[in-house]
Amino acid sequence: MTNTWQDIKNANVVIVMGGNAAEAHPCGFKWVIEAKIENGAKLVVVDPRFTRTASVADYYAPIRPGTDIAFLSGVMHYLLTNDKIQHSYVKNYTNASLLVKDEFTFTDGLFSGFNDQTHSYDKGSWDYEIGDDGFAKADDTWQNPRCVINLLKQHVSRYTPEMVSRICGTPQDKFLHICELIAGTSAPDRAMTSLFALGWTQHTVGAQNIRAMAMVQLLLGNIGVAGGGMNALRGHSNIQGLTDIGLLSNQMPGYLNLPTDKETSFDEYMKTRQFKPLRPGQTSYYQNTKKMTVSLMKALFGDAATVDNHWGYDLLPKLDIPLYDIIKAFEMMNNGQMTGYICQGFNPLQAFPDRGKIRAGLSKLKFLVTMDPLDTETSRFWQDFGPQNPARSREIQTEVFQLPTTCFAEENGSLVNSARWLQWHWKAADAPGIAKSDLWIMSGLFQRLRALYQKEGGAFPDALMGMTWKYTDPWEPDPEELAKEMNGKFLADVTDPVTQVTSKAGTLLDGFGQLHDDGSTASGCWIFAGCFTEKGNQMARRDATDPREQGIAPNWAWAWPANRRILYNRASADPEGKAWNPKKPVVEWNGSKWVGIDVPDYVVTQKPSANDGPFIMTVEGQGRLFARNLMAEGPFPEHYEPMESPVVNVLHPKVGPNPVARVFDHDRSNFGKPGDFPYVATTYRLTEHFHYWTKHALINAILQPEEFIEIGEALAKEKGIDQGGWVKVSSKRGEVVCKAYVTKRIKPLMVDGKATHVIGCPIHWGFTGQARKGYGANTLTPSVGDANTQTPEFKAFLVNVEKTSAPVG
Amino acid sequence: MSDMQSQDYVRRSASTMTPPSARNVEDQVAKLIDVSRCIGCKACQAACMEWNNLRPEIGHFEGSYENPNDLGPSVWTLMKFNEYENEQGNLEWLIRKDGCMHCEDPGCLKACPAPGAIVQYANGIVDFISDKCIGCGYCVKGCPFNIPRISKTDHKSYKCTLCSDRVTVGLEPACVKACPTGAIMFGAKTDMQHQAAERIVDLKARGFAHAGLYDPPEVQGTHVMYVLHHADKPSLYSGLPDKPHISTLVQAWKGLYKPLAVAAVALAAIGAFFHWITIGPNETTEEDEAEARREMRETEEEQAP
């Protein structure tokens, strides 16, 4: 979230698209209700199904799964042609005025630089014209046709209401009504908040879905303001923390990137990370990347990271491909290239696409270690549970180590919520049986591996040996010690050149502003610097005082970065420093500094006249309507069909799905055709369950006991399917036999003149736990991900459905 | 529930004497359910199960989100879902938390023949006192909302207590505490009516011309009230009665027949007394005794699990 849960109450319009907040985030949804009741907000829902969120919406419109970019590009077209943008904001705070290289083009669905052999782009042309002064050229009058705003206008001009309706199946009048509601928030004192979740991420164009709405929000001037923002509602407890500390194969803590094998030296690595400002006078905070990186290396390797060995750069793993995501990992297992798997707090047999492929991959491993508080399907993949898990145990040689772990209530620690708050929690109960904390297990593994290398030697033990491990109990570090390590500390006595205050070695850092690139500071996750200082554990704070009753309680827990609650909050004020919305100011210029209810996302004493942009993390200082080379598919979002789609891409029939999506050969042969699988399916969650966990809890199992799919009345009638009767849903990859919920909440959509039926597949049932056994929706889903993140396309694929009888066994 | 608040009784089933209500100083309470902000999450159902330690069986999917499929002796509250297409052709998903309405004029209490098995407290809560319940099922017939359910295990009638045990110690009912969107509120009935009035203004502004409060006068009002977007058509909400009424049979039982019946019983007793005086006690034969023992044995076997 750029903003906070509480801040939702400040919105005038709440749009839930690409998510189902009431259903999946019922507790946070109270703030939407608050916005409606206390702020007269309108709630708009765009979803393939009429969801629980839609049940309390002021306005609902249906959309075909996988067509959100077309819808949102249509919204941008509407805003630009009807002049419903926040002009001053767009002109001053976005890159609308910057000029793009002449070589940059878009033709027949492809941007310039496409290589159809490698299915990737040479992104050289996706950039600004750079002047002799080294800065991007701009035309503040927007007369130059190469201005970003003009290229954007041109790009979205194809997305007329007719075209949106043709692609999305959304009736034109409903689309236009929503455009009107959205456009109302282009007024400087009105705001719209966008609440989204996996409904946008789980597509081959997931990241671009989100970009499209971020661009709408920039055009409306809704980023950085109270009641605005792009608010990703995180699902798993601590998935936000997971990304923050970089638990992805291509990341390091604090969103620093793991080097590639082309970056053979630290200098080489830093060369592309200098982030020289592209406009005069910009902060471009990532110019400090070296301080962040060196401090991280000191936290990881301690004394083994020195100036002479380039802070241990050679100890870091180097990527030979963009990332080793989970789809890739299971591809490697199936190909015999990955033979061991430590599966910590993860249940891929339920959670990753093409269940048959997941089961086959696990069956080829030499060993599988599962660490989980629950008896997961993954740890039982080898056991025959009947049609819901038809494993042939005798043919599987995988040795499975099932390690029961504590759950959050059985340990101290912190969780990062969607609003980037690090909230400390305290152990409430002892763990049952032989369950041990993840810290205990991982530390034991580390100690034993290190001892083995010490005794026997081995290939490149340097990183493992060099790792610093100075904890009171090296076999089970205290969560507070780890928190302090992530916060960071001084390693030498350091005197601040401005204040002349000397910080002693060992002192905890107050914030990332104190980081140095000379080895005198260590910080395990620079964005967490400030969470655990000499003043104590800031995450444990529980003062709910909210000075303006505007949803900002600065002394409740601690938010990264720098306890800032609304990102880009300088943009809540106009160029002169006055709040766009005087009723809901966030930070303002008082003549000598920036003050307000939040920590300014800006240099506190930077005068408004300095023309330093509010987006201090970008090299332009501006929000990007044109993403330069940062996205795989292009600088503007473009509608590409889902990998399995019922129709051709009417915009450019030759370029149907995402042209740069990575597809493995075996997976491609497992994509179905609309002739065999004529219906669009989508997967989702229900309030009664949390993923695949709560089916282990009796009360949740009672509240939603059995697997089912949702099907519209028209299709059910056509197929002779009864309410609550048995159906077989099949895709190219497998089939699910379950009950049918025949509902008015899913209606056929008229897509390019043809009725398109949507089938909804809730995901929660498996073969362990208390609820009735289910096949799992991931039996059906295709093994392909977003081209940037490889998040699987769970939200749009093709199936067939037939009436059948109950499964035997 | 057990009988902890006998001093707060204002009504008591099958009793001719008015309870003393020695501590009758409490405000009338009410639970207000604003269906327009209910998201059907079932947190109320889960909280009810947790607090009252109820665990119905794991059921089946039966063609809707309603689970369990009906109220039961272990299901005291239930989210009901109705897909309704309005006059404009737009879908509305009307979700209502069903359960005891705690009528000011409780049909169950009127119908109940077991003295003190159903009581009403001064705060308006209608409670079943299990140890006095004889499982006759008259309360089911007497209820205008089809709420009580008889347990097959202990043959007693059960329904929502409005968490009388929590309320008596100053806590809100468990469902109210658990509701994430504030759709379930609890307090003095007059306060709840004011709350409702504010919500109705908002709903009307959002185009629900018939928004209103459900507090049906037919049962002299209820201590569980709803804010409805369509107060003109309560039955849209999964069969909430448009005009709830206590069965005429029960009304007659309490009104007209009861004195007559009491008189008849009294006459029979006087008759029996004179029979005993004038003719002497009835004698039973050995066959009668054997028949009685056989029937008792059969009943016991039926009840055995």
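Q: How far apart do the end C-alpha atoms of residues 1-374 of chain A lie, and what share of the span is helix and what share strand?
A: In this predicted model, the two end C-alpha atoms are 29 Å apart. Helix accounts for 36% of the span and strand for 12%. UniProt, in an unreviewed entry, lists these residues as "domain: Molybdopterin oxidoreductase".

Q: Which residues of chain A does the UniProt annotation "domain: Molybdopterin dinucleotide-binding" cover?
A: The annotation, from an unreviewed entry, covers residues 680-797 of chain A. The end C-alpha atoms of this span lie 6 Å apart, and the span is 11% helix and 32% strand.

Q: Why does A697(A) count as partly exposed?
A: A697(A) has 17 C-beta neighbours inside 10 Å. A buried residue needs 20 or more such atoms and an exposed one has 12 or fewer, so A697(A), with 17, counts as partly exposed. Its place is in the loop between β26 (679-684) and α21 of chain A. In sequence A697(A) is 74 residues from A771(A), while their C-alpha atoms are 8.2 Å apart in space.

Q: How many residues of chain A are in contact with chain B, and how many of chain B with chain A?
A: In chain A there are 34 such residues, and they are in contact with 32 residues of chain B. Being in contact here requires C-beta atoms within 7 Å. At least two residues each on the side of chain A that touches chain B come from α2 (30-39), α3 (52-55), α21 (698-703) and β29 (734-743) of chain A. The most come from α21(A), which gives 5 residues.

Q: What classes of residue make up the side of chain A that touches chain B?
A: That side has 18 nonpolar, 9 charged and 7 polar residues.

Q: What makes β15 and β23 of chain A edge strands?
A: Each of the two, β15 (413-416) and β23 (558-559), pairs on one side only. They belong to an open sheet of 3 strands in the order β15-β16-β23 (chain A), with antiparallel pairing.

Q: How do we know that strand β16 of chain A pairs with β23(A)?
A: Strand β16 (residues 421-425) is joined to β23(A) by 2 bridges. Pairing requires at least two bridges, so the 2 bridges found here meet the cut-off. The two strands run antiparallel, and L422(A) stands opposite W558(A) in β23(A).

Q: What makes the peptide bond between W560(A) and P561(A) notable?
A: The bond is cis, with omega about -10°. P561(A) is found in the loop between β23 and β24 (587-589) of chain A. In chain B, the peptide bond from N67(B) to P68(B) is also cis, with omega near -10°. P68(B) lies in the loop between α1 (43-52) and β3 of chain B.

Q: How do we know that β3 and β4 of chain B pair, and in which sense?
A: Strand β3 (residues 77-85) and strand β4 (residues 91-99) are paired over 9 bridges, in the antiparallel sense. Since pairing requires at least two bridges, the 9 bridges satisfy the criterion. One of the bridge partners is L91(B) in β4(B), which is matched with E85(B). The hairpin has 5 residues between the strands, and G89(B) takes a positive phi near 85° there.

Q: What share of the 305 residues in chain B is buried?
A: Buried residues make up 41% of chain B. The chain has 8 helices and 11 strands. Of its contacts between residues at least 6 apart in sequence, 62% join residues at least 24 apart.

Q: At what angle do helices α7 and α8 of chain A pack, and how far apart are their axes?
A: Helix α7 (residues 161-168) and helix α8 (residues 172-183) pack at about 120°, with axes 9 Å apart. Their crossing is right-handed. P161(A), E162(A), V164(A) and S165(A) of α7(A) meet Q172(A), F175(A) and L176(A) of α8(A). By class, this contact has 4 nonpolar, 2 polar and 1 charged residues.

Q: Why is H119(A) called partly exposed?
A: H119(A) has 15 other C-beta atoms within 10 Å. The class lies between 12 or fewer, for exposed, and 20 or more, for buried, so H119(A) is partly exposed. H119(A) has a positive phi of about 50° although it is not a glycine, and is found in the loop between β6 (114-115) and β7 (120-121) of chain A.

Q: Why does F275(A) count as partly exposed?
A: The count for F275(A) is 16 C-beta neighbours inside 10 Å. With 20 or more needed for buried and 12 or fewer for exposed, F275(A) therefore counts as partly exposed. F275(A) is not a glycine, yet has a positive phi of about 50°. The residue is found in the loop between α12 (266-271) and α13 (289-301) of chain A.

Conventions
Residues are numbered from 1 along each chain as its sequence is written. Chains are lettered from A and ligands numbered from 1 in the order in which they are written. This is a predicted model: local features need pLDDT of at least 70, side-chain atom pairs count only at pLDDT 80 or more; totals for chains, interfaces and linings use all residues. Two residues are in contact if their C-beta atoms, placed from the backbone, lie within 7 Å. Helices (H or I, at least four residues) and strands (E, at least two) are DSSP runs, numbered from the N terminus. Ala, Val, Leu, Ile, Met, Phe, Trp, Tyr, Cys and Pro count as nonpolar, Asp, Glu, Lys and Arg as charged, and the others, Gly among them, as polar. UniProt positions are given in the numbering used here, feature names are shortened, and annotations may be inferred rather than shown by experiment. Axes are lines fitted to C-alpha atoms, for helices over the stretch in contact, and angles run from 0 to 180 degrees between N-to-C directions. A crossing is left-handed if the near helix is turned anticlockwise from the far one by less than a right angle, and right-handed if clockwise.
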